[in-house]
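Open the model in your viewer and keep a selection box ready. The tour goes stop by stop, with what to pick and what is there.

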Amino acid sequence: MAKTVAATGNEAVANALRQVNPDVSAAYPITPATDIMQRFTSFVSNGKVKTEMILVESEHSAMSACIGASAAGGRVMTVTSSQGLALMWEMLFIASGLRLPIVMPVVNRALSAPLNIHCDHSDAMGARDSGWIQLWSENGQEAYDNTIQAFLIGEHMDIRLPVMVCMDGFIISHSIERIEYLEDNEVKNFIGEFRQLNPLLDIEHPVSYGPLILPDYYMEFRKAQDEVESKVFRVVLDAAKDFEKISGRKYGLFETYRLDDAEIGLVILNSAAGTSKDVIDEFRNRGIKAGLLKPRLYRPFPYKETGEALKHLKAVCVLDRADAFGGSYGPLFIDISTSLYTYSKKPILINKIYGLGGRDYLPEHAELVLNELTEIAKTEKVKTIKEYIGVRG
Amino acid sequence: MARPLSLKEISKKEVLISSGHRMCAGCGAPTVIKMVLLASDYPIIAATATGCLEVSTCISDYTAWKIPWIHSAFENAAATISGVETMYRSLKKQGVISKEIKFVAFGGDGGTYDIGLQSLSGAVERGHDMLYICYDNQAYMNTGIQRSSATPRGADTTTMPAGSVVPGKTEPRKNLTRIMAAHDLPYAAQASPSHWMDLMKKVRKAFDIKGPKFMNILSPCNRGWRSRTDEAIMLSRLAVETCHWPLYEVEYGVTKITFKPKEKKPIVDFLKPQGRFKHLFKPENEWMIKKLQEDIDREWERLQKEASLSAP
Ligand SMILES: Cc1ncc(C[n+]2csc(CCOP(=O)(O)OP(=O)(O)O)c2C)c(N)n1
Ligand code: SF4
Ligand SMILES: [Mg+2]
């Protein structure tokens, strides 16, 4: 029987991790993720989990220790944000290259400099090509659900890849909302026993992890890794189906909201999708056919499915909570344009950068964008493709 | 408890790092590793930092390691093995594993004195049951003989080449063994492959001590030291006999010198056969040799004092 509680996003994720009950976890404090680990270590101190903690001296060591622990043969997780994720960057590629199913909630926060502890997506976007699976979450419920599903997905024998679960710092991590928890044993049965694959601790069958590979085989190795990525979509959908059976909650590769018959649409990640949906309802009430697409599985990116879902629209705005410097568009925009590239008839695309460093995303921002899209749909004329919104002039 | 180390036992044991690895002929490192593996009376799992040892012993699809082995990156062998050891403790507590297994990490001097010092210090402070071994060849050899904080004063390296203005490395070495002992860890020791029984006894002892252990083992590199390929053991012996590399251990804070040269040889005996010190013998650089000798005398004096204070 599910239990309904009032909890913050961090509290919900900590509870999911308690229910998963990993064998080993490494932790290093960083706002706004710290709170998850404080809650989790209190479970450890009070015997609520079997987890052995490694209270490391840096995030680089946190990921290194997770890599060692995972290769040793067991379930492993850690949590981080922002600078912590940046410091792990080297090790992220090693975790995925060694095919270790480590799970890591990432509480999204801006990157320095200048220093800012509030929400944006620069941290996880900077790691989007590190070979980790990325699941993004609109609210505490989704963060809780994604955290549980992450273990099943990453540990799948066809996949064996690390998984990041992203949620918005403070906006979600520190806000209380209504959340439904599964029973402990439901979570336990859902993720099942950890299945070992070439564990270091199998002393009778010694294996070597992390060889040097020369040009004669490196590329074959990378190609094999790329092929694994293509299997992730099916596994994510299967996990979602199983999860729906125990939770009643539906998940896919992305969520669409009033999109099927829409003429204009927004593409937006995480918490800002919630605000946007309300505004879309208002536009619908006024007879304007607006809709929304909220990516969930961001890496690997379901280009084909996303393109199919958006191709019929007249105009689409991709809202990015991170910029990709170098005269480029936002990272999400780049992916959405790629997903539509092969279609001869496709929507006109614009890109807005919003909410950096914790700047509020307000209903009026969504309104502004939807008005602009209505105009573009009518005139087929675009003023500027990329623009910062909610910012002083 | 492990059995007392005997020659008979060692001579019959399988060597757990196979020949055919690709380290240079005459390199000290594989000899050091072989001794460490032979000295263990327990099954062991090893982590290795990026460096000569790692790139030469596990080139896909081959591995020279007959024990479970992991390399993840350069600066984190200690953190990596701490993860392996923690998973072992977790699974042992859960009753999944019952076997007694020991954990060792190998890092070069660059991977230990420099970029990996934080990771090592953290792992030692956390008290993991592991032995960290630094094979110290006194420079970044894998990337082509660059200066590290383990490089002795005066040595010619590719990033501090001896020239008309800069006479090689101008700074003294970092005393890592002392830094590690200052962590108040159960066991820290220095060893040399020339004194192989001393080295192996230390390793055997270390594996029987619970908690973090550190060993710093001199590992001659003929490429970087510019010596002959048959001189690794001779040079490591000279390092000990000149007190450039004193053999000692610090067990629960008690310092013991495990080998005292009958007569301390002058440092020039160690410098002379090595091309990396050749320029020091020019008249204008002789002051460097004097400084090197002073460094060594001071440190040897200090070590002896510390040992005498510790003596029962
Ligand atoms: C983060 C990072 N920086 C630099 C390097 C390049 N690198 C690889 S091995 C190495 C030198 C290793 O020196 P040492 O630890 O002394 O081992 P040795 O090769 O001398 O045995 C360096 C600088 C790297 N692999 N990773
Ligand atoms: S370069 Fe030096 S340390 Fe590296 S393998 Fe050759 S002899 Fe050994
Ligand atoms: Mg070196």
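A residue counts as buried when its relative accessible area is under 20%. Keep that cut-off at hand; this is a predicted model, and burial comes up at several stops.

**Stop 1: aromatic pairs**

Select Phe301(A). Its relative accessibility is 5%, so Phe301(A) is buried. Now add Tyr298(A), which is buried too, at 0%. The two rings form an edge-to-face pair, with 5.5 Å between centres and 85 degrees between planes. Widen the selection to Trp136(A) and Tyr303(A): ring pairs join these two with Tyr298(A) and Phe301(A) in a cluster. How many aromatic pairs does the whole structure hold? The search over all chains finds 17.

Switch to chain B and pick Phe74(B) and Tyr140(B). Their planes stand at 65 degrees with the ring centres 6.3 Å apart, so this pair is edge-to-face. The two residues are 66 apart in the chain, and the pair links distant parts of it. Phe74(B) sits in the loop between β2 (69-70) and α4 (77-93) of chain B. Tyr140(B) sits in the loop between β4 (130-136) and α7 (176-181) of chain B. Is Phe74(B) buried or partly exposed? Its relative accessible area is 26%, so Phe74(B) is partly exposed.

**Stop 2: arginines over rings**

Go back to chain A. Select Arg286(A) and Phe283(A). The arginine lies over the ring face, 4.3 Å from the ring centre. Next, select Arg18(A) and Phe43(A). Arg18(A) lies over the face of Phe43(A), with 5.9 Å to the ring centre.

**Stop 3: a helix pair across chains**

Select α3 of chain A, residues 59-73, together with α4(B). The axes are 6 Å apart and the packing angle is about 45 degrees. The two helices are therefore oblique to each other. The crossing of α3(A) and α4(B) is right-handed. Show side chains to see who meets whom. On the α3(A) side, the residues include Ser61(A), Ala65(A), Gly68(A) and Ala72(A). On the α4(B) side, they include Ala79(B), Gly83(B), Met87(B) and Leu91(B).

**Stop 4: a helix pair within chain A**

Select α10 (303-310) and α11 (331-340) of chain A. Here the angle is about 80 degrees and the axes lie 8 Å apart. α10(A) and α11(A) are therefore roughly perpendicular. Tyr303(A), Thr306(A), Gly307(A) and Leu310(A) are the α10(A) residues that meet α11(A). Across from them in α11(A) are Asp335(A), Ile336(A), Thr338(A), Ser339(A) and Leu340(A). Tyr303(A) may look familiar: it belongs to the aromatic cluster of Stop 1.

**Stop 5: α10(B) and what follows**

Select α10(B). Of its 10 residues, 7 are buried, so the helix is largely enclosed by the rest of the structure. Among the buried ones are Leu235(B), Leu238(B), Val240(B) and Glu241(B). Which elements do the buried residues pack against? In chain B they are α2 (28-39), β6 (212-218), α9 (222-225), β7, β8 (254-259) and α11 (268-271).

Step just past the helix to Cys243(B), which has a positive phi of about 65 degrees. Then select Pro246(B), in the loop between α10 (232-241) and β7 (247-251) of chain B. Its relative accessible area is 7%, so Pro246(B) is buried. Beyond its neighbours within four places in sequence, Pro246(B) touches Gln190(B), Trp300(B) and Leu303(B). For a distance check, add Pro43(B): 203 residues away in sequence and 30 Å away in space, C-alpha to C-alpha.

**Stop 6: backbone exceptions**

Most residues other than glycine have a negative phi, and most peptide bonds are trans. The last selections depart from that pattern.

- Ala113(A) to Pro114(A): a cis peptide bond, omega near -5 degrees. Pro114(A) is in the loop between β5 (103-108) and α5 (122-126) of chain A.
- Ser60(B) to Asp61(B): a cis peptide bond, omega near 0 degrees. Asp61(B) is in the loop between α3 (52-57) and β2 of chain B.
- Asn21(A): phi is positive, near 55 degrees. Asn21(A) lies between α1 (9-20) and β2 (24-27) of chain A, in the loop. At 22% relative accessibility, Asn21(A) is partly exposed.
- Tyr252(B): phi is positive, about 45 degrees. Tyr252(B) is in the loop between β7 and β8 of chain B. With a relative accessible area of 56%, Tyr252(B) is exposed.

Note on methods: Residues are numbered from 1 along each chain as its sequence is written. Chains are lettered from A and ligands numbered from 1 in the order in which they are written. This is a predicted model: local features need pLDDT of at least 70, side-chain atom pairs count only at pLDDT 80 or more; totals for chains, interfaces and linings use all residues. Side-chain values use heavy atoms; hydrogens and water are left out. Rings of Phe, Tyr and Trp (its six-membered ring) pair if their centres lie within 6.5 Å; planes under 30 degrees apart count as stacked, over 60 as edge-to-face and the rest as tilted. Buried means under 20% relative accessible area, exposed over 50%, partly exposed in between (1.4 Å probe, protein chains only). Helices (H or I, at least four residues) and strands (E, at least two) are DSSP runs, numbered from the N terminus. A charge sits over a ring if NZ of Lys or CZ of Arg is within 6 Å of the ring centre and within 35 degrees of the ring normal. Axes are lines fitted to C-alpha atoms, for helices over the stretch in contact, and angles run from 0 to 180 degrees between N-to-C directions. Angles under 35 degrees count as roughly parallel, over 145 as roughly antiparallel, 65 to 115 as roughly perpendicular and the rest as oblique. A crossing is left-handed if the near helix is turned anticlockwise from the far one by less than a right angle, and right-handed if clockwise. Contact means heavy atoms within 4.5 Å.
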